[in-house]
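Open the model in a viewer and keep the selection panel at hand. The stops below are given in the order in which to select them.

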Amino acid sequence: MLFHNSLEFAQKLDAEDPLGPYRDEFYFPKVNGKEVIYFTGNSLGLQPKRTQRYIDEIMTDWKELAVEGHFHADKPWWDYHERLAEPLAKVIGAKPEEVCVLNTLTVNLHFLMASFYTPSPDRFKILCEEKAFPSDQYMLQSQVRWHGLDPEKVIVTVKKRKGEHFWRTEDVIAKVEEIGDELALILIGGVNYYNGQFFDMQAITQAGRSVGSNVGWDLAHAVGNVELELHSWDVDFAAWCSYKYMNSGPGNASGIFVHERHLGKDGIPRLEGWWGTKKETRFLMKPQFEPMPNADAWQVSNPPVLALAPYLASLEMFNEVGMTALVEKRNRLTTYLEFILKEIDKEVDSTFEIITPLDRGCQLSVLLHGEGRPLFDFLMENGVIVDWREPNVIRLAPAPFYCSFTDMYQFGQLLKQGILTRISNG
Ligand SMILES: *Cc1c(COP(=O)(O)O)cnc(C)c1O
């Protein structure tokens, strides 16, 4: 498609956008009395207007029913989490029984490691990407030490090639094959938080499984952003948070995927609690643990219903729209943003560079040459909420649910103004 860097053209794209009306389903913060241009849906998604109603429902049930709400609320609390499994399964390409919502992300990674990282003297290595999200690095290192092993000898990282800003699939696969029989686990962020790269999850999973390794994915930046087929890609396990593209509120609950081949198995190592036992016999308070036949077996505590309510509201919206339509708009919106960035870059004489490869979700990471922090401050002061990563990268994530083509055009104008002001100020 031929794009134009003009307000008229951007407005025409908005008018043709089938998801356009969804913008009005969200609250936008305001700067100088104007709704912001929001590029940080990869960090905290905007609040859907309908979320309040879902929370109020729980508050009212609690007020009116107290403990009876566990079984007699309209949406009973004791199995409230079950309502999320089916809509979430559609978002990640899984069977509902492979999905559960519980805990928070890093906590879930620890719990899943208890099941899927069981090192032996022969098979103990872990493969991850260089400079993984810090929480994932701390999680991996502490798990390794907790097993009495040395992270230096266990954790192998795949590096980018010199002068390149992305990982090559063939380099990941070559590492997998090089480690071979010693590889116990691959754990990578499906979409990298820094450069926005969407890894070839299917190829990497296949490579890992064919050397006998478990393969898990941290999908914090992937879920609700890219199309996933976790079941048919044969992924062993995955976890993600719900507050980034899933718009479920700060610090909110995490989801897990456990492939059906691991469900209902005796003897799988797992850290257990009462909400993982069979619901039919749970309240007999028996001493033996009888695992739920689905991913709920990993559930430890009774569900945090006040946290699940916003996630349910959000999932309802994802299912109304569907990932296919979201991905279609995402591609168009991100390509338009990329076009605008390149146009502006020409006008200001090449002062920045997009480091996100074409395998990506909606995020574009822009490396600034010499602009730096003052430009970021200028954008923030002018109602563009972006994110700054040291040393010199701004991350732009136009979430297709609520960002418009007009936002992209207006951002381009502000960016240009910011750079030119800076240059003329010397
Ligand atoms: C956002 C993010 C996290 C955050 O973890 P929490 O436990 O929810 O604080 C972890 N890993 C990755 C890759 C992330 O992008």
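**Stops on the tour**

Select S242 to begin; this residue sits in the loop between β11 and β12. The model is a predicted one. S242 counts as buried, because its relative accessibility is 0% and the cut-off for buried is under 20%. Show its side chain next: it reaches the backbone oxygen of A253 at 2.6 Å. Leaving out residues up to four places away in sequence, S242 touches N247, S248, N252, A253 and Y311.

Next, select the positions that UniProt, in an unreviewed entry, gives as "binding site": L105, T106, F133, P134, S135, D136, D218, H221, Y243, W274 and N302. These positions are spread over 198 residues of sequence and also spread in space, with up to 31.4 Å between C-alpha atoms. Two of them are visited below, L105 and H221.

Select L105, which lies in helix α5, residues 105-116. Is L105 buried or exposed? L105 is buried, since its relative accessible area is 10%, and under 20% counts as buried. Residues up to four places away in sequence aside, L105 touches D218, A220, A239, W240, C241 and S254. D218 is itself among the "binding site" positions in the UniProt record.

Move to H221, in the loop between β10 (214-218) and β11 (237-241). H221 is buried as well, with a relative accessible area of 4%. Which residues are in contact with H221, leaving aside its neighbours within four places in sequence? They are N42, V191, Y193, K244, Y245, Q363 and R395.

For the surface, select F71, W274, F283 and M285 together. These four residues form a nonpolar surface patch, with about 440 Å² of accessible area together. W274 also appears in the UniProt "binding site" list. Within the patch, pick F283, found in the loop between β12 (254-258) and α10 (305-321). F283 is partly exposed, with a relative accessible area of 37%.

The last stop is Q47, in strand β5 (residues 47-48). Q47 counts as partly exposed, at 40% relative accessibility. With neighbours within four places in sequence left aside, Q47 is in contact with E25, F26, Y27 and Q52. Add E177 to the selection and draw a C-alpha to C-alpha distance: Q47 and E177 are 44 Å apart in space and 130 residues apart in sequence.

Technical notes. Residues numbered from 1 in each chain as written. Predicted model: local features only at pLDDT ≥ 70, side-chain atom pairs only at ≥ 80, totals over all residues. Heavy atoms only, no water. Patch = residues over 30% accessible without salt bridge, like charges linked within 9 Å, V, L, I, M, F, W, Y side chains within 5 Å. Areas by Shrake-Rupley, 256 points an atom, 1.4 Å probe, with all protein chains shown as cover. Salt bridge = Lys/Arg side-chain N within 4 Å of Asp/Glu carboxyl O. Helix = DSSP H or I, 4+ residues; strand = E, 2+ residues; numbered from the N terminus. Buried < 20%, exposed > 50% of the residue type's maximum accessible area, 1.4 Å probe, protein only. UniProt positions renumbered as here; feature names shortened; annotations may be inferred. Contact = heavy atoms within 4.5 Å. Polar contact = N/O pair within 3.5 Å; in protein donor to acceptor, adjacent residues only side chain to side chain.
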